[in-house]
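These exercises ask you to read a protein chain from its sequence and its 3D structure. Try each task before reading its solution.

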Amino acid sequence: MINHDLRLIADAIFDKKGEDVVSLDLRKIEGAITDFFVICHASNTTQVGAVADNVAEKMKEEGHTLYRSQGEENNFWIIQDYGNIVVHIFLKEYRDFYRLEDLWADVPRKGYQLRKVKKSATNTQE
C-alpha cells in the first residue's frame, strides 16, 4: 500500500508540473519522525502552492489525513505530514540551498518519472 501512496503523491506532483520527485526510505533510521520523505521542487511560489494543494486533494480523496502542514504563508518550502509520509515541496532555489537529500544520503531512495499515457486504438483518429 505504501508504494501506491508514494506513486499517488508523485503523480499529484507531476500533475502540477512539479519536478525531480524522489522518495527517501527512512524506516531503518532509529528515531526517524516518519517512514518516508517525498521531496520535489517547483519553479515559482504559485506552482509550489498548486503542487501542495493537489497533493493534499489527492491524498484526501484516498482517505489520508493531513496531520499538519507548514509553509503556505510564503510557498518557499511547504511540508505536509501524513504520518508515515512527509512531503517536502520546495521552490527550486531553496531545495538547492538546503540539500535535504544530502542529509539522508545513506538511505534508500527512489526517483519518479512522469508516467506516459498510452493512447488506445479507439481514441486515435485517422
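**Exercise 1.** Decide whether Pro108 is buried or exposed in this predicted model, and find what surrounds Pro108.

Solution.
- Step 1. Place the residue: Pro108 sits in the loop that links helix H4 (100-103) to S6.
- Step 2. Apply the cut-off: a residue counts as exposed when its relative accessible area is over 50%. The relative accessible area of Pro108 is 54%, so Pro108 is exposed.
- Step 3. List the contacts, setting aside neighbours within four places in sequence: Pro108 touches Ser23, Leu24 and Asp25.
- Step 4. Set sequence against space: 81 residues separate Pro108 from Arg27 along the chain, while the C-alpha to C-alpha distance is 9.6 Å.

**Exercise 2.** Describe the salt bridge between Asp25 and Arg27, then compare the surroundings of other such pairs.

Solution.
- Step 1. Recall the principle: side chains with opposite charges can pair when their charged atoms come close.
- Step 2. Take the pair in the task: the N to O distance between the side chains of Asp25 and Arg27 is 2.6 Å. Asp25 has a relative accessibility of 16%, and therefore counts as buried, the limit being under 20%.
- Step 3. Turn to Glu101 and Arg95, whose side chains form a salt bridge at 2.3 Å, N to O. Both residues, Glu101 and Arg95, are buried.
- Step 4. Turn to Asp102 and Arg99, joined by a salt bridge of 2.7 Å, N to O. Asp102 is partly exposed at 46% relative accessible area, and Arg99 is partly exposed at 49%.
- Step 5. Look for shared partners: Arg7, Asp11 and Arg115 belong to one network of salt bridges.
- Step 6. Give the total: the whole structure holds seven salt bridges.

**Exercise 3.** Work out which side chains of S4 are buried, and how S4 pairs with S3 and with S5.

Solution.
- Step 1. Recall the pattern: in a regular strand, side chains alternate between the two faces of the sheet.
- Step 2. Sort the residues of S4: Ile78 and Gln80 point to one face and are buried, whereas Trp77, Ile79 and Asp81 point to the other face and are not buried.
- Step 3. Pair S4 with S3: the two strands are antiparallel, with three bridges. Arg68 has Asp81 of S4 as its bridge partner. The hairpin of S3 and S4 has six residues between the strands, and Gly71 in this hairpin has a positive phi near 110 degrees.
- Step 4. Pair S4 with S5: these strands are also antiparallel, with five bridges. Here Ile79 has His88 of S5 as its bridge partner. Three residues lie between the strands in this hairpin, where Gly83 has a positive phi near 90 degrees.

**Exercise 4.** Give the strand order of the sheet and say why one side of S3 and of S6 has no neighbour.

Solution.
- Step 1. Read the order: the six strands form an open sheet with mixed pairing, in the order S3-S4-S5-S2-S1-S6.
- Step 2. Find the edges: S3 (68-70) and S6 (109-111) each have a single partner strand, so each has one side without a neighbour in the sheet.
- Step 3. Add the twist: on average, neighbouring strands are turned by 15 degrees against each other, direction ignored.
- Step 4. Find a parallel pair: S2 (residues 36-42) and S5 (residues 85-91) run parallel and are joined by seven bridges. In this pair, Phe37 stands opposite Val86.
- Step 5. Add the helices that pack on the sheet. Helix H1 (residues 2-15) touches S1 (19-25), S2 and S5, and its direction makes about 10 degrees with that of S2. Helix H2 (residues 45-61) touches S2, S4 (77-81) and S5, and its direction makes about 160 degrees with that of S5.

**Exercise 5.** Summarise the whole chain: which elements occur, and in what order?

Solution.
- Step 1. Count: the protein has four helices and six strands.
- Step 2. Order them from the N terminus: α-β-β-α-β-β-β-α-α-β.
- Step 3. Judge the compactness: the radius of gyration is 15 Å, close to the 14 Å from the globule rule for 126 residues, so the protein is as compact as a globular protein of that length.
- Step 4. State the burial: 40% of the 126 residues count as buried.

Technical notes
Residues are numbered from 1 along each chain as its sequence is written. This is a predicted model: local features need pLDDT of at least 70, side-chain atom pairs count only at pLDDT 80 or more; totals for chains, interfaces and linings use all residues. Side-chain values use heavy atoms; hydrogens and water are left out. Two strands pair if DSSP finds at least two bridges between them. Axes are lines fitted to C-alpha atoms, for helices over the stretch in contact, and angles run from 0 to 180 degrees between N-to-C directions. Contact means heavy atoms within 4.5 Å. The radius of gyration is taken over C-alpha atoms; the globule rule is 2.2 Å times the number of residues to the power 0.38. Buried means under 20% relative accessible area, exposed over 50%, partly exposed in between (1.4 Å probe, protein chains only). A salt bridge is a side-chain nitrogen of Lys or Arg within 4 Å of a carboxyl oxygen of Asp or Glu.
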